[in-house]
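Colleague: Got a minute to walk me through this one? I'd like to go from the charges to the fold, and then down to a single residue.

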Amino acid sequence: MDAMIKGLKSGEKLTLCMKQDCICEACPNREEGGGCALGTEDVVCRDKAALEVLCLEAGQEITWPRMVSLMGQVNRTDFQKVCHRCRWVKEGLCSYELLCRYNAQAARELGTLKFETP
């Protein structure tokens with residue numbers, strides 16, 4: 001994940017998809033052939049919801065500054081729509097506040113922070 005973010009920050013583009021991708025590479029639940037030991041239906045639903053919330057489509061390429069800008073527009077309702085069934089949220093590993101904190105840090109690094117986190 002760190003290598004991917006470093007690449008994006010250096011100008012690489014991210015191609016949006018709704019299948020196993022480079023973000024999934026290190027996941028211990030990843031199965032050969034593109035599957036997930038925990039099932040993929042929930043992940044596909046979250047991917048689809050995220051694309052809808054951000055007004056994006058699978059196959060689009062996006063830059064780091066654009067992603068940071070879009071993520072800065074995500075509100076609590078959007079977060080709930082995308083992540084309400086995610087086990088990371090249920091286990092306390094992720095939250096709307098954490099998303100805001102990380103995005104504010106990225107926006108500060110880009111010099112585009114317009115407001116502080118809630």
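Modeller: Sure, and keep in mind that this is a predicted model. To start with the charges, the protein has 16 positive and 17 negative ones. Take the mean position of each set, and the two lie 4 Å apart.

Colleague: Which order do the elements of the protein run in, from the N terminus on?

Modeller: There are 6 helices and 2 strands to place. From the N terminus on, the order is α-β-α-β-α-α-α-α.

Colleague: Why does the radius of gyration agree with a compact globule, and what is it?

Modeller: The C-alpha atoms fill a box of roughly 40 × 30 × 25 Å along the principal axes. For 118 residues, a compact globule would come out near 13 Å, so the protein's value agrees with that: 15 Å.

Colleague: What share of the contacts between residues at least 6 apart in sequence joins residues at least 24 apart?

Modeller: Contact here means heavy atoms within 4.5 Å. Count those between residues at least 6 apart, and the share joining residues at least 24 apart is 56%.

Colleague: Is N103 buried or exposed?

Modeller: N103 sits in helix α6, which covers residues 96–110. Buried means under 20% relative accessible area, and buried residues make up 25% of the 118. N103 has 12% relative accessibility, so it counts as buried.

Colleague: And which residues is N103 in contact with, leaving aside its neighbours within four places in sequence?

Modeller: The same 4.5 Å heavy-atom cut-off applies. With those sequence neighbours set aside, the contacts of N103 are V68, M71 and G72.

How values were computed. Residues numbered from 1 in each chain as written. Predicted model: local features only at pLDDT ≥ 70, side-chain atom pairs only at ≥ 80, totals over all residues. Heavy atoms only, no water. Helix = DSSP H or I, 4+ residues; strand = E, 2+ residues; numbered from the N terminus. Buried < 20%, exposed > 50% of the residue type's maximum accessible area, 1.4 Å probe, protein only. Rg over C-alpha atoms; globule rule 2.2 N^0.38 Å. Lys, Arg positive; Asp, Glu negative; His and termini not counted. Charge placed at Lys NZ, Arg CZ, Asp CG, Glu CD.
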